[in-house]
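Biologist: Before I rely on the terms used for this model, I should like each one justified. Please set every value against its definition.

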Amino acid sequence: MRTFIIILLFLLQSSLGFAQDMVVTYEGKSIDSKILNQPVKYSIILPKDYFESKKSYPVVYLLHGLGGNDYSWLEYGRLSQHIEDAVSKNKIHPMIYVMPEGYRTYYVNDFYRKFLYQDMFVKELVPFIDANYRTIPNNKNRATIGFSMGGFGALILPLKHPDVFSVAVPLSISVRTDDQYMTEDRKEWDDQWGRLFGGIGLYGEERITPYYKNNSPFHLFNKANLNQYKDLKIFIDNGDDEQTLSKSNEALHILLRDLDFDHEFRVRNGGHTFEYWRASLINGLHFIDDAFNQKPYRGDENDNTIDSTYIEKSTLINNGGFEVLLPKDYETSQRYYPVIYFTGKFNDATKTKIISKVKSQTKVGEFPPSISVFVDLESGLNFDSIIKEAKAKYRIRDGRRFQSIIGFDSSGAKALDYALKTADFTSCVVFNAPIDTETLNTRSDSQIEELKRNWFFISTTDKSKNYKSNGLAHIMMKAKNIYHEYRVDQGESTINWFLKELPNALDFTQKKIHY
């Protein structure tokens, strides 16, 4: 009878022309759970042609965070709008979206067996959805996506049940490393984790219970059992402004890279907000759609190609160990200028592209008139000597505030090392740099305080060979309260990727110079 009424309502709307461009959304529905001995609410979005066809559809389960509910993705995530836009532009295929009430469960069965939520999810909710809606009832056509606590659920459900789910998009995963769990505040531990993993009242290593290990991604991912996850596709996305989760999400990425487990990993600008998670939906849904259709991931939507329109020939002044580009009005003025040191093994074509972008942004007022110095520190040159010679020959404005670095690869790592040891640069941006984290680790308290006046920007990719040193540098800078931005993009850390991301580095640099 309920289904019959829903069909009548839908047909009435269609006849009146109200549903022409809408997905069909139902909020506050419920199933009666025998396992939990209570109703469990869920909201659901059906494709707009659901009642007009006999098609079956893949299913995406969207999981909310702590304090959320079955309509969090609808209200704060604006899910319907995202889906409708993506489907109308043929970017994703029609799918069914299910948003269950997750309470405070982290989508697991609690150790004390008071609330067996995961059993309900797998043994009741999924079969109920398959029985009552036209789904494609197999793991190849089921995915999870969630934020915070829901990010943990989006990952743990496929890890515990790879026969049920094959795609996971966990966002800002509320997870901890072992050492984080061992040192968590006692009250927070008991209230949030101890009640789930069986460690109420415990401290230190005693918290790392067998039940915890059996529900921790850091223990479930290991060489012995990787084969059972060989078909699992994972896309992790976490903001660089996160606090505790910066370390744990980064550590998980490092673990997966160490295990050579293929996955996507992104770090973008932002924190623990719906603004961040809404932005994550675009690529997350593309990733899921491609996985459902057995296609390689298409790549991030915001991954723009290099703009070749700004390429412009320029003349560099060769000073033996370094080359210099002077601003347009250098010869006709007597003013002094900030200096940007571009460090890397750049060929002439790359230098031309860098210079053209600097000139382009300077012309429209997005970057200050400045002196650009190109140097390859891998060639054995002494950076101190180059800086002194440049200051002696050219009108470089005096003061730390007017010296910046933008470096690439190994030469960029040497420049960052210098910047960390001297604190002489107002900003330092490095791309795919094999960072020596020991330099950070050995700075004294007073030296760290000096570095807090400076801005740093570390940019890498999720397939970079320098994933570990970059991730650890990010974690260490967080722990030492050194201001920095951190980004992880898709793919390999090529020179074309560097050029594509260069405008972000220039914008970061100009903000610090004129802060």
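The exchange below takes up confidence, burial, backbone angles, a helix and enclosed spaces.

Modeller: This is a predicted model, in which local features need pLDDT of at least 70, side-chain atom pairs count only at pLDDT 80 or more, and totals for chains, interfaces and linings use all residues. Residues are numbered from 1 along each chain as its sequence is written, and side-chain values use heavy atoms, with hydrogens and water left out.

Biologist: How do you know what confidence the predictor has in the protein chain?

Modeller: The score is pLDDT, the predictor's confidence in each residue, from 0 to 100. The protein chain averages 92, and 94% of the residues score at least 70. Over residues 1–22, however, pLDDT stays under 50. Where pLDDT is low, the predicted coordinates should not be read in detail.

Biologist: Why is Leu502 called buried or exposed?

Modeller: Buried means under 20% relative accessible area, exposed over 50%, and partly exposed in between, with a 1.4 Å probe and protein chains only. Leu502 has a relative accessibility of 0% and therefore counts as buried. This residue is found in helix 18 (residues 495–513); helices (H or I, at least four residues) and strands (E, at least two) are DSSP runs, numbered from the N terminus.

Biologist: Which residues are in contact with Leu502, beyond its neighbours within four places in sequence?

Modeller: Contact means heavy atoms within 4.5 Å. By that criterion, Leu502 is in contact with Phe342, Ile354, Lys357 and Ile406.

Biologist: Why is Asn283 called buried or exposed?

Modeller: Asn283 has a relative accessible area of 11%, so it is buried. Asn283 belongs to helix 11 (residues 274–292). Its contacts, leaving aside neighbours within four places in sequence, include Phe235, Tyr297 and Asp300.

Biologist: What class does Asn215 fall into, buried or exposed?

Modeller: At 4% relative accessibility, Asn215 counts as buried, although its place is in the loop between helix 8 (210–213) and helix 9 (217–220). Not counting residues up to four places away in sequence, Asn215 touches Val108, Phe152, Ile156, Lys160, Phe197 and Leu220.

Biologist: What makes the phi of Asn37 worth noting?

Modeller: Most residues other than glycine have a negative phi, and most peptide bonds are trans. Asn37 is a residue other than glycine, yet its phi is positive, near 60 degrees. Asn37 lies in the loop between strand 1 (24–33) and strand 2 (38–46). Its relative accessible area is 70%, and therefore Asn37 is exposed.

Biologist: Why is Tyr103 called partly exposed?

Modeller: Tyr103 has a relative accessibility of 23%, so it counts as partly exposed. The residue lies in the loop between strand 4 (96–100) and helix 4 (117–132), and its phi is also positive, near 55 degrees.

Biologist: How do you know that the span of helix 10 is close to the expected one?

Modeller: The expected span of a helix is 1.5 Å times one less than its number of residues. Helix 10 (residues 244–258) has 15 residues, for which 21 Å is expected, and reaches 22 Å from its first C-alpha to its last. Its buried residues include Ser246, Asn249 and Glu250. Just after helix 10, Asp260 takes a positive phi of about 60 degrees.

Biologist: What makes a space a cavity, and how many cavities of 30 Å³ or more does the search find?

Modeller: On a 1 Å grid over the protein atoms alone, a cavity is a set of points where a 1.4 Å probe fits but cannot get out, and lining residues have an atom within 4 Å of a point. Grid points are joined across faces, edges and corners, and a volume is the space filled by probe spheres set on the points. The search of the whole structure finds two cavities of 30 Å³ or more. The largest has a volume of about 50 Å³, while about 40 Å³ of space lies in the second largest.

Biologist: Which element gives the most to the lining of the second largest cavity?

Modeller: Helix 10 does, with three residues. The residues lining this second largest cavity include Ser246, Asn249 and Glu250, together with His474 and Tyr486.

Notes. On a 1 Å grid over the protein atoms alone, a cavity is a set of points where a 1.4 Å probe fits but cannot get out, and a pocket is an open set with protein on both sides within 12 Å along at least five of seven lines; lining residues have an atom within 4 Å of a point.
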